[in-house]
Amino acid sequence: MSKLVSTLYNTDADREVILFAEQRKYMYGRMMGIISKLWHEKDPVGAFTVGPCYAQVEAYGNYFDLVDKLAHLSSAIQDVLTERARQDAKWGQQDHEPMAWMGILGEEFGELCEAVNETYFNNGPEARAKGGYENMRTEAVQVAAVAISFIEALDRRYGE
Ligand SMILES: [Mg+2]
């Protein structure tokens, strides 16, 4: 049993459930699906949500509706969120002052401008390699992700 699990769940009933689950590791996905559906029948709003997840469900509604909404996010938004996660993994939480953010966002916007310019103008094959759909899209995603990171930093610095 993991140390975290044994710390959080240490009653006899907890140990009984953990033993049951540990003996059925091969069917975790099925168990989660069935338990989630059963819980949903009992409590449509709070289905299978605990901790930070519950606040999202309270704010935005039914768990399954939320999952459906997430599944239908456009590929553009999904790519921006993936880029945000990549940035955090690479740099950690960024808490710069707004002026520093202007430099970071400006650099990314400049890279987007370059990708657009090298698509629009013909500056030779080496420059052209920096343009095109893929490069424009990649840089646009990075601009959007940095803008979101800036918003998050603003909220931490000035928000309630
Ligand atoms: Mg860039």
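Visitor: How are the donor residues of the magnesium ion spaced in sequence?

Guide: In this predicted model, the spacing of the donor residues reads E-x2-E-x27-E-x2-Q.

Visitor: What makes Glu108, Glu111, Glu139 and Gln142 donors of the magnesium ion?

Guide: A donor is an N, O or S atom within 2.8 Å of the metal. Glu108, Glu111 and Glu139 each coordinate the ion through OE, and Gln142 does so through OE1, at 1.9 to 2.1 Å. These distances lie within the limit, so the four residues count as donors.

Visitor: How do you know that glutamate 108 and glutamate 111 are separated by about one helical turn?

Guide: Both belong to helix H7, which covers residues 98-120, and they are three residues apart there; therefore about one helical turn separates them.

Visitor: Why is glutamate 108 called buried?

Guide: The term applies under 20% relative accessible area. Glutamate 108 has 14% relative accessibility, so it is classed as buried.

Visitor: What makes glutamate 111 partly exposed rather than buried?

Guide: Partly exposed residues lie between the 20% limit for buried and the 50% limit for exposed. Glutamate 111 has a relative accessible area of 25%, and it is therefore partly exposed.

Visitor: What percentage of the chain's residues count as buried?

Guide: Of its 160 residues, 19% are counted as buried. The accessible surface of the chain is about 11700 Å², with 61% belonging to carbon and sulfur atoms.

Visitor: How many helices and strands are in the chain?

Guide: The chain contains nine helices and zero strands. Read from the N terminus, its elements follow the order α-α-α-α-α-α-α-α-α.

Methods:
Residues numbered from 1 in each chain as written. Predicted model: local features only at pLDDT ≥ 70, side-chain atom pairs only at ≥ 80, totals over all residues. Heavy atoms only, no water. Donors = N, O, S within 2.8 Å, 3.2 Å for Na, K, Ca; no water. Helix = DSSP H or I, 4+ residues; strand = E, 2+ residues; numbered from the N terminus. Buried < 20%, exposed > 50% of the residue type's maximum accessible area, 1.4 Å probe, protein only. Areas by Shrake-Rupley, 256 points an atom, 1.4 Å probe, with all protein chains shown as cover.
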